[in-house]
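Hi everyone, thanks for coming. Today I'd like to walk you through one model, beginning with how its chains meet and ending with the DNA.

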2 protein chains.
Amino acid sequence: MADLDQYTDTEERIFRAALEVFSKKGKDGARMQEIADRADINKAMLHYYFRSKAKLYDEVLGFVMQRALSSFAAAMQETDTFEAMLRTFIAGYIDFVGEHQAVMRLMVNELLAGGDALRRKLAPRLTSEPAAMPQQFIRRMQAAIDRGEIRAADPFQTLITVVSSCIFFFIAFPMVRLINPEATAQREAFIEARKAHVFDLVYHGLAVKGKRKGR
Amino acid sequence: MADLDQYTDTEERIFRAALEVFSKKGKDGARMQEIADRADINKAMLHYYFRSKAKLYDEVLGFVMQRALSSFAAAMQETDTFEAMLRTFIAGYIDFVGEHQAVMRLMVNELLAGGDALRRKLAPRLTSEPAAMPQQFIRRMQAAIDRGEIRAADPFQTLITVVSSCIFFFIAFPMVRLINPEATAQREAFIEARKAHVFDLVYHGLAVKGKRKGR
DNA sequence: GTCTATATCTCGATAGAC
DNA sequence: GTCTATCGAGATATAGAC
């Protein structure tokens, strides 16, 4: 995690521990003692570095949202075709969520709680800017429709479907591995297969009907 | 909620209040006082009817899991074609989640916490029985592939994608309505559109290449 | 900066009158 | 069954020595 450089070593240890514990136990379930233990530090030091549990949580949440925004941006790299964009987007998204599950968990927790905090901080960066990920995805998909690369489907609904397919797998993992234990044993392979599947299904779902036959 | 008949009026009021509060605040974030207020009774009465917070939570969770299983079964009604099955499954699933969001939230909370409770209680009904929803979906999709109705795609991955597309929308709703306020104003219409979109995208994604598939 | 000891507070749970 | 008052555990937060 590169942009933790603003912190000293101790602060960073605390921060990582806090992210881990908050994401697993939730804001309320998390215990300052557990964070302290995991950071290998005295409990009193938590309050020395970050005044209170609430402030520590806010700090962690802010970091998490930064992370999420970066991943959005990274996943939307400029690519030639819509097909390439979609493939990159899905792979990038799944990679990010897979590697930063604590970040994802924290955000889902916030969403379940109403998402007020997320809305306050992310609103400006998700709506006003035309460069924001959702608008960009929608614009590029619409362009692909207009030039006949794909068939007409609602871009916003499609975005929801793609994001859901990338994220929810990790939330539901306890169920997934219950039904198919192989998903645990061959985790990496399963994730790669998931990337391929989501792209394949969505892209075929958007394919122009009977294109070869020039309907 | 029909099968709450086992409870007296007061018990049922408590139960509904508890489901609501637990689903919004999580097991740890929930406050017995808030449940009492919402049930319009004294806090001491909670302990009179349900001994402890833990027992109350367990009771609620058990009910929720019953509900989820029923919805699985209902969504897998016998239908002639895979196409009809898929359409019914998606519509049924979205309807259930939309109408029982508290149930869904509680289950997602459990999943984020590791899903141990869910696994203990749902495992037998999700794996051993061949009539269980996942196996049934996979079997029917495989049959459709075998007889050439749809192209070869991984049934398990497809199931994950479909379920994700139906559920995650409701979790991410705070974000959805931030990007597209219309989703709030025209909620019912948006949900109907979502059903149609998910079916449309997935079924076309599974369509045999080059084969004209009307609808 | 670090630690021990302790203050303070919140919340689940109970006692006991009615 | 219902309510008021209160206990006690457990968690956050601070004081103060080093």
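Let me start with a definition: a salt bridge here is a side-chain nitrogen of Lys or Arg within 4 Å of a carboxyl oxygen of Asp or Glu. Please keep in mind that this is a predicted model. By that rule, two salt bridges are found across the interface of chain B and chain A. In one pairing, D200(B) and R151(A) join their side chains in a salt bridge, with 2.8 Å from N to O. The same interface also has 14 residue pairs in polar contact.

Which element gives the largest share of the side of chain B that touches chain A? That is α9(B), with 12 residues. By type, the residues on this side of chain B are 28 nonpolar, 16 polar and 12 charged.

Now the interface as a whole: 56 residues of chain B are in contact with 57 of chain A. About 5,100 Å² is buried between the two chains, and carbon and sulfur atoms give 68% of that area. L112(B), Q157(B) and F168(B) supply 14% of what chain B buries against chain A, more than any other three residues.

On to the DNA. Strand D is surrounded by 14 residues, and K43(A), K53(A), N42(B), M45(B) and Y49(B) are the closest. Of the strand D atoms within 4 Å of the protein, 68% belong to sugar and phosphate. For example, the side chain of Y49(B) places an N or O atom 2.8 Å from a phosphate oxygen of strand D. From chain A, a polar backbone atom of M32(A) is 3.0 Å from a phosphate oxygen of this strand. Finally, α3(B) gives the most to the surface near strand D, with four residues.

Key. Residues are numbered from 1 along each chain as its sequence is written. Chains are lettered from A and ligands numbered from 1 in the order in which they are written. This is a predicted model: local features need pLDDT of at least 70, side-chain atom pairs count only at pLDDT 80 or more; totals for chains, interfaces and linings use all residues. Side-chain values use heavy atoms; hydrogens and water are left out. A residue is near a molecule or strand if one of its heavy atoms lies within 4 Å of it. A polar contact is a pair of N or O atoms within 3.5 Å; within protein, one must be able to donate a hydrogen and the other to accept it, and residues adjacent in sequence count only if both atoms are side-chain atoms. Helices (H or I, at least four residues) and strands (E, at least two) are DSSP runs, numbered from the N terminus. Contact means heavy atoms within 4.5 Å. Buried area is the accessible area (1.4 Å probe) that two parts lose on being put together, summed over both. Ala, Val, Leu, Ile, Met, Phe, Trp, Tyr, Cys and Pro count as nonpolar, Asp, Glu, Lys and Arg as charged, and the others, Gly among them, as polar.
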